[in-house]
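Colleague: I want to learn how the words in a structure description are earned. Could you take me through one, term by term?

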Amino acid sequence: MSVTKTVERRDVVVRKYTCDRCGKDAAGRTCVMCGRDLCHACIAWDPHCYGDYQDAFCKECWKMGEPHRVTIEELDAEQDECREAWKAACVESRRAEEGE
Ligand SMILES: [Zn+2]
Ligand SMILES: [Zn+2]
């Protein structure tokens, strides 16, 4: 068996993302609202959201969310109340059933 060696050179396509806001190297995160690629300097993080999968926003998009976040918070509070009422009814029902 004979072996011939040839060196093949292939072109490698390197995708480089740049920040859609300022043109610097992107940080690999996109705004969850508008989908722009962002660099570290242009990301606004949701302060109410923790962990590795924190949502990233453009600073501009985060600002635009101000009135919407107020509504979301109100709805969240309402949701909590509904859940509490639901739970209270269930606890009450159990008590009645167990004859306390
Ligand atoms: Zn940027
Ligand atoms: Zn955005």
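**From value to word**

Modeller: Start with D11. It counts as exposed, because 5 C-beta neighbours lie inside 10 Å. The model is a predicted one.

Colleague: What makes 5 neighbours inside 10 Å count as exposed for D11?

Modeller: The cut-off for exposed is 12 or fewer other C-beta atoms within 10 Å. D11 has 5, so D11 is exposed. D11 sits in the segment before β1 (29-30). Its C-alpha atom is 34 Å from that of Y53, and 42 residues separate the two along the chain.

Colleague: Why is M33 called partly exposed?

Modeller: Buried takes 20 or more neighbours, and exposed takes 12 or fewer. M33 has 16 C-beta neighbours inside 10 Å, so M33 falls in between. M33 belongs to the loop between β1 and β2 (37-38).

Colleague: Which residues does M33 touch, not counting residues up to four places away in sequence?

Modeller: M33 touches F57 and C61. Contact asks for C-beta atoms within 7 Å. As for C58, 25 residues separate it from M33 in sequence, and the C-alpha atoms are 8.2 Å apart.

Colleague: What makes W86 exposed or buried?

Modeller: W86 has 10 other C-beta atoms within 10 Å. The limit for exposed is 12 or fewer, so W86 is exposed. W86 is part of helix α2. From W86 to T18 is 68 residues in sequence and 49 Å in space, C-alpha to C-alpha.

Colleague: Why is α2 said to lie largely in the open?

Modeller: Count the buried residues. Of the 33 residues of α2, the number buried is 0, so α2 lies largely in the open.

Colleague: How do you know that the reach of α2 is close to the expected one?

Modeller: Helix α2 covers residues 66-98, which is 33 residues. The expected span is 1.5 Å times one less than the number of residues. That gives 48 Å, and α2 reaches 48 Å from its first C-alpha to its last. After α2 comes G99, with a positive phi near 65 degrees.

Colleague: What makes C19, A26, C31, L38, C42, I43, A56, F57 and C58 a nonpolar core?

Modeller: A core is a set of buried residues of nonpolar kinds, with Cys counted among them, joined through C-beta atoms within 7 Å. These 9 residues form the largest such core. Strand β4 (residues 56-58) gives the largest share of this core, 3 residues. Take C42 as one of its members. Beyond its neighbours within four places in sequence, C42 contacts C19, R21, C22, C58 and K59.

Colleague: How do you know whether the protein matches a compact globule of 100 residues?

Modeller: Compare the radius of gyration. A compact globule of 100 residues would be near 13 Å, but the protein has 26 Å. The C-alpha trace spans about 90 × 50 × 15 Å along its principal axes. Buried residues are 10% of the 100 residues.

Colleague: Where do the two domains lie in the sequence?

Modeller: Domain 1 is 15-64, and domain 2 is 65-100. Their centres, over C-alpha atoms, are 33 Å apart.

Colleague: How many helices and strands does the protein have?

Modeller: The protein has 2 helices and 4 strands. Their order from the N terminus is β-β-β-β-α-α.

Definitions and conventions
Residues numbered from 1 in each chain as written. Chains lettered and ligands numbered in written order. Predicted model: local features only at pLDDT ≥ 70, side-chain atom pairs only at ≥ 80, totals over all residues. Domains from an automatic or database assignment. Rg over C-alpha atoms; globule rule 2.2 N^0.38 Å. Contact = placed C-beta atoms within 7 Å.
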